[in-house]
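This report introduces a protein model to a reader who has not met it before. Please keep the sequence and the 3D view at hand while reading.

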Amino acid sequence: MLITVLITIVSVGILSTLVYLVSTVRSLKDRLETLALEMVDFHTYVDNQEVNHAREHDRFSDDVDLRFDRVHRKVGKNQEEVYQNLERLENKLPDTIRTVIGHIEFARPLDNKK
């Protein structure tokens, strides 16, 4: 009878230990599934962030390219205008110098009252 009681106590202890282990395994399995879902969500979030960052970078790069093109065109246009004005001045300068010298040579002095 004593052996039966001892075997019963040991079997109840082993059974309760097995029940505890099974519940622990189930809770660990649930935590693992939750962590796996969270990891998938995190990877999705990171992938979306990378895509958004790449889009923003492309937009910024396109915007910078457009602005540089506009500035280049304006500088080119202004440069052409400056060169045209300079060329006109170079062509007109000898004539202007001749007319000024002609005025100086043939001008009457203002203070000479003879």
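Is Asp95 buried, partly exposed or exposed? Asp95 is partly exposed, since its relative accessible area is 46%. The model under discussion is a predicted one, and the sections below proceed from the chain as a whole to its individual residues.

## Overall form

The secondary structure of the protein chain consists of one helix and zero strands. Helix H1 covers residues 2–106. Measures of extent can be read alongside this description. The C-alpha trace spans about 160 × 30 × 10 Å along the principal axes of the chain. The radius of gyration of the protein chain is 48 Å, whereas a compact globule of 114 residues would have a value near 13 Å.

Two pairs of residues illustrate distances along the chain. Asn91 and Thr4 are separated by 87 residues in sequence, and their C-alpha atoms lie 127 Å apart in space. For Arg67 and Glu50, the separation is 17 residues in sequence and 25 Å from C-alpha to C-alpha. Asn91 belongs to helix H1, and so does Arg67.

## Surface and exposure

Of the 114 residues in the protein chain, 0% count as buried. The accessible surface of the chain amounts to about 11,400 Å², and carbon and sulfur atoms account for 63% of that area. Asn91 provides an example of an exposed residue, because its relative accessible area is 54% and the exposed class begins over 50%.

## Charges

The protein chain carries 16 positive and 19 negative charges, and the mean positions of these two sets are 11 Å apart. Some charged residues take part in salt bridges, while others form surface patches; both groups are described below.

## Salt bridges

How many salt bridges does a search of the whole structure find? The search finds two. One of them joins Asp63 to Arg67, with the closest N and O atoms 3.2 Å apart. Both residues lie in helix H1, four residues apart, which is about one turn of the helix. Asp63 is partly exposed, with a relative accessible area of 32%, whereas Arg67 counts as exposed at 52%.

In another salt bridge, the side chains of Arg98 and Asp95 meet with an N to O distance of 2.9 Å. Arg98 and Asp95 are also both in helix H1, three residues apart, again about one turn of the helix. Arg98 is exposed, because its relative accessible area is 55% and exposed means over 50%. Its partner Asp95, at 46%, is partly exposed.

## Charged patches

Which residues form the positive surface patch? The patch is made by Arg70, Arg73, Lys74 and Lys77. Lys74 is located in helix H1 and counts as exposed, with a relative accessibility of 59%.

A negative surface patch is also present, and its members are Asp58, Asp62, Asp65 and Asp69. Asp58 is part of helix H1. The relative accessible area of Asp58 is 44%, so this residue is partly exposed.

## A nonpolar patch

Apart from the charged patches, a nonpolar surface patch of about 510 Å² is made by Val10, Ile14, Leu18, Tyr20 and Leu21. Leu21 lies in helix H1. Its relative accessible area is 45%, so Leu21 is classed as partly exposed.

## Summary

The predicted model shows a protein chain with one helix and zero strands, and 0% of its residues count as buried. Two salt bridges are found: Asp63 with Arg67, and Arg98 with Asp95. The surface also carries a positive patch that includes Lys74, a negative patch that includes Asp58 and a nonpolar patch that includes Leu21.

Terms used. Residues numbered from 1 in each chain as written. Predicted model: local features only at pLDDT ≥ 70, side-chain atom pairs only at ≥ 80, totals over all residues. Heavy atoms only, no water. Helix = DSSP H or I, 4+ residues; strand = E, 2+ residues; numbered from the N terminus. Rg over C-alpha atoms; globule rule 2.2 N^0.38 Å. Buried < 20%, exposed > 50% of the residue type's maximum accessible area, 1.4 Å probe, protein only. Areas by Shrake-Rupley, 256 points an atom, 1.4 Å probe, with all protein chains shown as cover. Lys, Arg positive; Asp, Glu negative; His and termini not counted. Charge placed at Lys NZ, Arg CZ, Asp CG, Glu CD. Salt bridge = Lys/Arg side-chain N within 4 Å of Asp/Glu carboxyl O. Patch = residues over 30% accessible without salt bridge, like charges linked within 9 Å, V, L, I, M, F, W, Y side chains within 5 Å.
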